[in-house]
Amino acid sequence: MNTEASIQQIKKMVGEAGAQLVKNDMVIGIGSGSTVGYFISALGQRTRDGLSFKAVPTSTQSKALALAEGIKLLELGDVSSIDLTIDGADELDTQLRLIKGGGGFLLQEKLVAAVSTQLVIIADYGKLKDQIGAFALPIEVVPYGWNHIQKRLLDRFGKKSMLRLKDGKPYVTDHGHYLLDCAFGLIADPDELNTELHLIPGVVETGLFLNMATKALVGYPDGKIVEMLPK
Ligand code: 5RP
C-alpha cells in the first residue's frame, strides 16, 4: 500500500529510529524536510527524558522546530566537527549517492554534512533507486543573471530547468540564492555531472551529495527498517 498515510507512517518510523542513534554529549547535525520533522519530534521527547546533546540545524525550518522542542542549538561556525548528522533525501542509490534539496535547503545541509563524522540518511523505500536522477536535481545559483545559468544548462546538457517558485515569486534560499530544478533523467555518472556543474559560473552548490552518507535507514510498509552501508 503506497498511500500518503503509509508514507507518513514510514517517515515517522525512520525518524524515530534516527533519534535513537543520538547519544549523550554528542554534537549532532539536524537535516531538513518532513522525515527530519519526525526525527526532531522524537529527539524532543528524548531531550525531555534527560538526553544531553547539542545540535546544528541545517535550515531556518529545522531551527524553529528544534527550538520548539527545547533542543540546545549551535551555529556551524561554533563547532570544530559534528559527530552525527541525521538528514533526509529525495533519492538515494545503493552507493548512498543522494539527490537532496527538494525542501530547498541543500547548501547548508551540505556544509553540515561535510564536517560530520557520520551522515545517516532516513528515508522511505520509495526514494531508494537503482540509479538516481528521476527527481529533478536542485541546483543553487546566484540570483544575478540566473537565466544565463539556465541557458548554460540547456546548451551544455540539453536539459531544461525550472526556476523554483513560491507564491508566484522566485523561491529564495536561506542564503539568498535561487534554485534551478533540472530534470537530467537517470544520471550515469553523478561525480562527473557534479564536477561539470560546479564549473558553471554562478552555480553555488548542487543537490548531489556524493561520498558523504555513511549509512541509510530505509523504511518499508511492513514496518521493517533496512540499514544500508555504501556499496
Ligand atoms: C531538503 C531535503 C530533504 O531532506 C528532502 O527533500 C527529503 O524531504 P522529505 O523528508 O520531506 O521527503 O533535502 O533540502
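How are α2 and α3 oriented to each other, roughly parallel or roughly antiparallel? Select helix α2 (residues 34-48) and helix α3 (residues 60-68): their axes come within 9 Å and cross at roughly 20°, so α2 and α3 are roughly parallel to each other. Angles under 35 degrees get that label (over 145 is roughly antiparallel, 65 to 115 roughly perpendicular, the rest oblique). Axes here are lines fitted to C-alpha atoms, for helices over the stretch in contact, with angles running from 0 to 180 degrees between N-to-C directions.

Before moving on, some ground rules. This is a predicted model, where local features need pLDDT of at least 70 and side-chain atom pairs count only at pLDDT 80 or more, while totals for chains, interfaces and linings use all residues. Residues are numbered from 1 along each chain as its sequence is written, and side-chain values use heavy atoms, leaving out hydrogens and water. Helices (H or I, at least four residues) and strands (E, at least two) are DSSP runs, numbered from the N terminus.

Stay with the helix pair and show side chains. Val36, Gly37 and Ile40 of α2 make the contact with Ser62, Leu65 and Ala66 of α3, contact being heavy atoms within 4.5 Å.

Next, pick isoleucine 99 in strand β5 (residues 98-99). Isoleucine 99 is buried, with a relative accessible area of 0%; buried means under 20%, exposed over 50% and partly exposed in between (1.4 Å probe, protein chains only). Beyond its neighbours within four places in sequence, isoleucine 99 touches residues including Ala89, Ile132, Leu137, Ile187 and Leu208. Phenylalanine 135 is also in contact with isoleucine 99; their C-alpha atoms are 7.6 Å apart, though 36 residues separate them along the chain.

Now select helix α4 (residues 106-114), where seven of the nine residues are buried. Among those seven are the charged-type names Glu109 and Lys110, alongside Leu106, Leu107 and Val112.

Over to the rings. There are two aromatic pairs, counting Phe, Tyr and Trp (its six-membered ring) with centres within 6.5 Å; planes under 30 degrees apart are stacked, over 60 edge-to-face, the rest tilted. One pair is phenylalanine 157 with phenylalanine 184, edge-to-face at 5.5 Å centre to centre and 85° between the planes. Phenylalanine 157 belongs to helix α5 (residues 146-157) and phenylalanine 184 to the loop between β11 (178-182) and α6 (190-198), so the pair ties together parts 27 residues apart in sequence. Both phenylalanines, 157 and 184, are buried.

Last stop: lysine 100, whose charged end sits over the ring of phenylalanine 209, 5.6 Å from its centre. That wording needs NZ of Lys or CZ of Arg within 6 Å of the ring centre and within 35 degrees of the ring normal.
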